[in-house]
Amino acid sequence: MCGIVGYIGEKQAFPILIKGLHRLEYRGYDSAGVALLNGGIKIYKKAGKVVALEEHCFGKDITGTVGIGHTRWATHGVPNDINAHPHFSENKKLAIIHNGIIENYASLKEELLQRGHHFESDTDTEVLIHLIEDIEKNESVDLAEAVRIALNEVVGAYAIVILSNDNPDLLIAARKGSPLVLGIGEKEFFIASDATPIVEHTKNVVYLNDEEIAVMHRSGELSIKTIGNVVRTPYIEGLELKLEMLEKGGYDHFMLKEIYEQPHSIRDSLRGRLNTYIGKIKLGGFSEYEHKLVNAKGLTMIACGTSWHSGIVAEYLFEDLARLPVEVEYASEFRYRNPIISADDTIIAISQSGETADTLAAIQLAKSKGATVFGVCNVVGSSIARATDAGSFTHAGPEIGVASTKAFTAQVAVLSMLAMQTAHKRGTITQSRFHQLINELDSIPEKVKELLKVDEQIKYISDFFKDARNFLYLGRGYNFPVALEGALKMKEISYIHAEGYPGAEMKHGPIALIDEQMPVVVVATKGGPYDKILNNIQEVKARKGRIIAVVTKGDKVIKDLAEFVIEIPETEEALTPLLSVIPLQLLAYHIALLRGCNVDQPRNLAKSVTVE
Ligand code: G6P
């Protein structure tokens, strides 16, 4: 959460910073600000989105070839102008932007107050820049050394960039726990929370590691050392990201674009891994560790949010196909629960961003106990991708809408391949069944394409339910996690209260809510528990609930029971979530739109949750 961006070079910094902030706005949009150096540091900051900052800057002096910018997801202090970043040091000769939380800020602040410092904001960040100035002055060290000493006193997570009036040719950046990428140009540097603000300027990047401090000089010189004072050689990597992936491409919203991208994004997840001719799956990242999965006694999935729902789909897949017991854990609970982990354990961490603080910490905990940890991540170069022993990227491309859509189906596609391959190697499915599943998985992108034609129908249905105050989602078997995901989409972007339940659990509570006002989305595709979910539909109908059913094409039985029926193409039961989730994504999208909600940037949420 929070997006940070910086520039030093010969160009004007402001347009680069603003464009970068727009790209990073998915990380938080409570306030935005920039600091520019040109005859003293000028800070402009404003509560609200980046456009509010742009308006605020109109007509002001925004010149300068070095600067920093920030878009905030508030933690310490309400989202107002004062708490917006950047923050000044006491003598206003330093400015800082920060993503993360300084946990011991209160005690540091207390000490600094006693030493005569004054604070304007309620933030932990302002404390850090005062501390750096204090050290620079009182210990007579240069700025980089002052940053290093200060960071040794800090408990918590940070990605920071510092601008200095007395060092106009320098930008200093450091990270621990929060991501930071340096873009290396011709005598210029770009700094950002991820590569999206950098890609149009340079393809050469350095991903900073935890506890590293980078000093970037306008001459093009870059030096990196750790907070323990060990000099590091920068490792320059090439970016594969393309600019058009970051734009809306004619769609009204990123979310809609990303829903519509799914035939391609699922294909990209399968590409080079699924071979229907010879009936083979090859997930390169896992090959070396395949024995670990094949011989595992069980698996643990750790994730948060939508990725946790993918974990439940994986539970069903691994248990059903590979006959492996699976636990699915919220990373935040797992890490604080004193979990029983040993060197024999095999863990799969699932994350779109690869930066979720709880998931990262859970991985570190599991690794410290000797467990093997695999990653299923979307963002290449992310912290989780680098912290895990091995794994696979989902290759869904950048997901910008805060509500996850194509990342979910890409995760499920990768986890399906992994489960199928493990089952094949463990001998729990026959060769012909393996072939059948491979062929069916290969046909999913085409089926998604066909399925997207339901968009118009869903738009029509949405109009009937746009004023609903609650939604209930029911699913059984493989469709249970889909029900959870559908409900999550609805509450995230439309702010309608929505709950997902396994169909049978309805009678243990939620049934009490059902009346003629209550929309109940039932994911009732053909397969295992079909008859049982039919019973649930009857139970809802008997209580006058309004049923929207997602069914397999041609289902006549449910057509007679439900108020609205959305058909999806027939597929293998194990692969159903890849299809059945799509109408639910569209339903949430259209209802949110009709309610006038900001679909891509729902209130209070952020896409990359780098605080616990
Ligand atoms: C946030 C996002 C969700 C996402 C969750 C986990 O809450 O808004 O869309 O599912 O974080 O993020 P991850 O990047 O680890 O999948």
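The following exchange goes through some computed features of a predicted model.

Modeller: Residues are numbered from 1 along each chain as its sequence is written, and side-chain values use heavy atoms, without hydrogens and water. The model is predicted, so local features need pLDDT of at least 70 and side-chain atom pairs pLDDT 80 or more, while totals for chains, interfaces and linings use all residues.

Biologist: Why is Gln262 called buried?

Modeller: Buried means under 20% relative accessible area, exposed over 50%, partly exposed in between (1.4 Å probe, protein chains only). Gln262 has 0%, so Gln262 counts as buried.

Biologist: What joins the side chains of Gln262 and Gln585?

Modeller: A polar contact of 2.8 Å. The term requires a pair of N or O atoms within 3.5 Å; within protein, one must be able to donate a hydrogen and the other to accept it, and residues adjacent in sequence count only if both atoms are side-chain atoms.

Biologist: How do you know that the length of helix H15 agrees with its residue count?

Modeller: Helices are DSSP runs (H or I, at least four residues), numbered from the N terminus. The expected span is 1.5 Å times one less than the number of residues. For the 21 residues of H15 (residues 431–451) that gives 30 Å, and the end C-alpha atoms are 29 Å apart, so the two agree.

Biologist: Where does H15 bend?

Modeller: At Ile444, by about 40 degrees, with Pro445 following within four residues. The bend is the angle between axes fitted to the seven residues ending there and the seven starting there. Both Ile444 and Pro445 are among the buried residues of H15.

Note on methods: Helix = DSSP H or I, 4+ residues; strand = E, 2+ residues; numbered from the N terminus.
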